[in-house]
Number of protein chains: 2
Amino acid sequence: MTDLKNDKFKTINPERSGTTSEEVISQLREMIHSGELRPGDRLPPERDLAKLLGVSRPTLRAGIRSLAAVGVLQSRQGAGTFVVQTGGSPALDSSPLRLMASLHGFTSGEMFEARQSLEMAIAGLAAERATSEHLATLSEEIAGMFASLDDPEQFLVHDMRFHQAVAAASGNRILTSLMNMVATILFDVRRKTVNRAKDLKESAEMHRHVYRAIRQRSAEAARNAMRDHLVLAQKAQESEEANGLESASGDGANESVLSSATALPG
Amino acid sequence: MTDLKNDKFKTINPERSGTTSEEVISQLREMIHSGELRPGDRLPPERDLAKLLGVSRPTLRAGIRSLAAVGVLQSRQGAGTFVVQTGGSPALDSSPLRLMASLHGFTSGEMFEARQSLEMAIAGLAAERATSEHLATLSEEIAGMFASLDDPEQFLVHDMRFHQAVAAASGNRILTSLMNMVATILFDVRRKTVNRAKDLKESAEMHRHVYRAIRQRSAEAARNAMRDHLVLAQKAQESEEANGLESASGDGANESVLSSATALPG
DNA sequence: CTGACAGAATGGTGTGACCTTTGTCAATGA
DNA sequence: TCATTGACAAAGGTCACACCATTCTGTCAG
């Protein structure tokens with residue numbers, strides 16, 4: 001009935017270091033580390049798994065919830081609990097960073113700077129490693145930008161996909177994940193800022209500069225082009241709204257803002 | 001009795017977008033965003049808060065647990081639930097990244113590269129912004145390294161503090177947090193690798209180069225010095241153990257490996 | 001062969017109870 | 001008078017049971 005051999009799930013350790021639910025977390029985590037649980041796998045039903053681990057269902061649920069909160073597990077009512085299956089680029093949840101920002105009053109400038117640093121590093125790596133396939137994807141997205149200069153929303157999609165493609169070309173999934181964390185938060189602000197057409201054209205040009213530098217295998221040029229692009233983007237955004245991060249979570253539509261871009265093929 | 005005015009906790013929204021517990025999370029998150037909950041604050045008892053929010057205690061606990069999993073809240077049995085109070089440098093939990101690494105088979109090389117990119121960016125910023133106080137701290141730690149060439153464990157403490165101080169000098173707490181996330185994971189591997197004395201001396205010298213570059217306000221030199229240092233460190237570590245990330249969580253003593261360094265004054 | 005329906009499977013929520021740890025404070029003894 | 005100790009209360013941790021909501025699946029009618 002279950003998708004996994006039950007032998008894998010050994011009962012909980014007798015000598016618990018911390019609380020029972022922490023022990024459950026450790027147990028599940030270890031199964032992931034050891035490769036017993038792989039992305040896409042489905043866990044046994046809660047009632048069964050609780051029995052297998054020798055804990056009550058609420059305790060097991062507590063553990064599952066903790067893992068779900070950090071984006072490792074995902075529960076769907078009626079379906080089951082699964083190890084998160086990320087398509088291509090692994091995604092770290094950005095809400096922790098978002099909350100940190102609120103708690104410690106991170107400025108929007110700090111966010112931009114962090115993104116800039118990450119993207120510059122990524123662009124530099126991309127210039128060294130991009131395959132012809134990567135270059136083709138980048139080119140396509142730029143074409144898409146120019147084709148949607150009169151449709152800011154569509155433009156934004158290509159914009160995000162471009163950056164995603166650059167990240168993919170960098171070959172470093174960790175930097176990619178970190179970049180996405182930061183970018184997701186900044187995007188919450190940006191989505192309300194409908195850029196003017198002129199800005200879009202300028203932005204598309206900047207992207208093209210980045211693409212060219214990557215194509216020419218010039219890490220330094222790619223870094224500089226990316227920096228120029230982001231500096232400009234920051235200025236454009238700041239000029240349109242004087243508000244800081246506080247306005248990011250104004251209404252609903254929170255979470256997974258990059259969902260559409262995260263699922264792209266590149 | 002409670003530490004907070006109860007007026008702050010309005011009952012749960014009637015039209016729930018997702019599940020009830022998700023609504024609880026949103027509620028608490030919003031209170032943090034709006035500043036109603038600040039670091040160090042204590043939440044009302046679960047039983048009371050559940051009533052205030054109009055949900056059952058298990059549901060509330062689910063929400064609290066999710067927030068606790070991402071490092072925003074912290075529950076202590078018998079004491080209460082508190083908003084996490086980070087001393088100085090905010091800390092993002094590294095376990096999500098660690099799990100991602102296991103799930104997707106991140107290589108140790110990727111980790112090193114990510115850390116290198118982050119630290120280079122941070123070093124560059126530090127060169128532009130370090131105050132005399134920062135420089136003094138950096139100098140002290142380097143002195144500490146040279147003073148503990150025969151004590152690898154002590155050396156490691158100064159090493160970490162140095163990097164922490166550089167991060168502080170960069171003035172960007174987001175990059176600092178991200179760096180710590182990555183460094184924490186790499187540190188788990190490193191702590192078992194007791195470097196030879198010769199390596200330590202060389203390492204101390206490299207740190208000094210970084211310090212000098214920062215002192216001379218040369219961002220480029222600081223970046224390069226940091227890169228050289230980390231490249232060397234990576235080589236040294238790789239030569240001592242051929243294992244990858246898998247050996248990171250071998251036995252106990254997981255979590256909060258940087259705790260001692262996180263609480264440092266700088 | 002296809003679509004709709006019914007039932008089972010599974011996670012989500014609620015209620016109530018009890019245990020364990022922590023904190024406080026008064027009683028006690030030096 | 002002060003420090004120690006003990007008991008009591010507060011608060012989170014765990015458990016059992018019941019029921020709801022959603023999703024999947026397999027069967028049956030068309």
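Buried here means a relative accessible area under 20%, with the protein chains alone taken into account, and the legends that follow describe a predicted model.

**View 1. Gln116(B) in helix α5 of chain B.** Gln116(B) belongs to helix α5, which spans residues 108–129 of chain B. Its relative accessible area is 17%, and therefore Gln116(B) counts as buried. Leaving aside residues up to four places away in sequence, Gln116(B) is in contact with Arg227(B), Leu230(B) and Val231(B).

**View 2. The relation between chains A and B.** Chain A is superposed on chain B, with an RMSD of 0.3 Å, by a rotation of 180° accompanied by a shift of 0.1 Å along the rotation axis. The two copies are thus related as by a two-fold rotation axis. Among the residues of chain A, the one whose C-alpha comes closest to this axis is Ser66(A), at 2.7 Å. Of the interface residues of chain A, 98% are also interface residues in chain B, so the copies meet through the same surface.

**View 3. Helix α3 of chain B and its surroundings.** Helix α3 of chain B, made up of the 13 residues 57–69, reaches 18 Å from its first C-alpha to its last, which is close to the 18 Å expected at 1.5 Å a residue. Its buried residues are Leu60(B), Ala62(B), Gly63(B), Ile64(B), Ser66(B), Leu67(B) and Ala69(B). The cover over these buried residues includes elements of both chains, namely α3 (57–69) and α4 (95–104) of chain A, and α1 (20–33), α2 (46–53), β1 (73–76) and β2 (80–83) of chain B. After α3(B) comes Gly71(B), which has a positive phi near 85°.

**View 4. The protein surface near DNA strand C.** Around DNA strand C there are 26 residues, of which Glu46(A), Gln77(A), Thr20(B), Thr59(B) and Gln77(B) come nearest. Sugar or phosphate accounts for 67% of the strand C atoms within 4 Å of the protein, and bases for the rest. One contact to the backbone of the strand is made by Arg42(A), which has a polar side-chain atom 2.8 Å from a phosphate oxygen of DNA strand C. Contacts to bases of this strand include a polar backbone atom of Gly78(A) at 3.3 Å from a base oxygen, and a polar side-chain atom of Arg47(B) at 3.5 Å from a base nitrogen. At least two residues of this surface come from each of α2 (46–53), α3, β1 (73–76) and β2 (80–83) of chain A and from each of α1 and α3 of chain B, with α3(B) giving the most, three residues. By class, the surface near DNA strand C holds five nonpolar, twelve polar and nine charged residues.

**View 5. The protein surface near DNA strand D.** DNA strand D is surrounded by 26 residues, and the closest of them are Thr20(A), Ser56(A), Thr59(A), Gln77(A) and Glu46(B). Of the strand D atoms that come within 4 Å of the protein, 66% belong to sugar and phosphate. A backbone N or O atom of Glu46(B) lies 2.7 Å from a phosphate oxygen of DNA strand D, while a polar side-chain atom of Thr81(B) is 3.4 Å from a phosphate oxygen of this strand. For the bases, a polar side-chain atom of Gln77(B) lies 3.0 Å from a base nitrogen of DNA strand D. Two or more residues of this surface are given by each of α1 (20–33) and α3 of chain A and α2, α3, β1 and β2 of chain B, and the largest share, three residues, comes from α3(A).

Terms used
Residues are numbered from 1 along each chain as its sequence is written. Chains are lettered from A and ligands numbered from 1 in the order in which they are written. This is a predicted model: local features need pLDDT of at least 70, side-chain atom pairs count only at pLDDT 80 or more; totals for chains, interfaces and linings use all residues. Side-chain values use heavy atoms; hydrogens and water are left out. Copies are superposed by least squares on the C-alpha atoms of residues with pLDDT of at least 70 in both. Contact means heavy atoms within 4.5 Å. Helices (H or I, at least four residues) and strands (E, at least two) are DSSP runs, numbered from the N terminus. The expected span of a helix is 1.5 Å times one less than its number of residues. Buried means under 20% relative accessible area, exposed over 50%, partly exposed in between (1.4 Å probe, protein chains only). A residue is near a molecule or strand if one of its heavy atoms lies within 4 Å of it. A polar contact is a pair of N or O atoms within 3.5 Å; within protein, one must be able to donate a hydrogen and the other to accept it, and residues adjacent in sequence count only if both atoms are side-chain atoms. Ala, Val, Leu, Ile, Met, Phe, Trp, Tyr, Cys and Pro count as nonpolar, Asp, Glu, Lys and Arg as charged, and the others, Gly among them, as polar.
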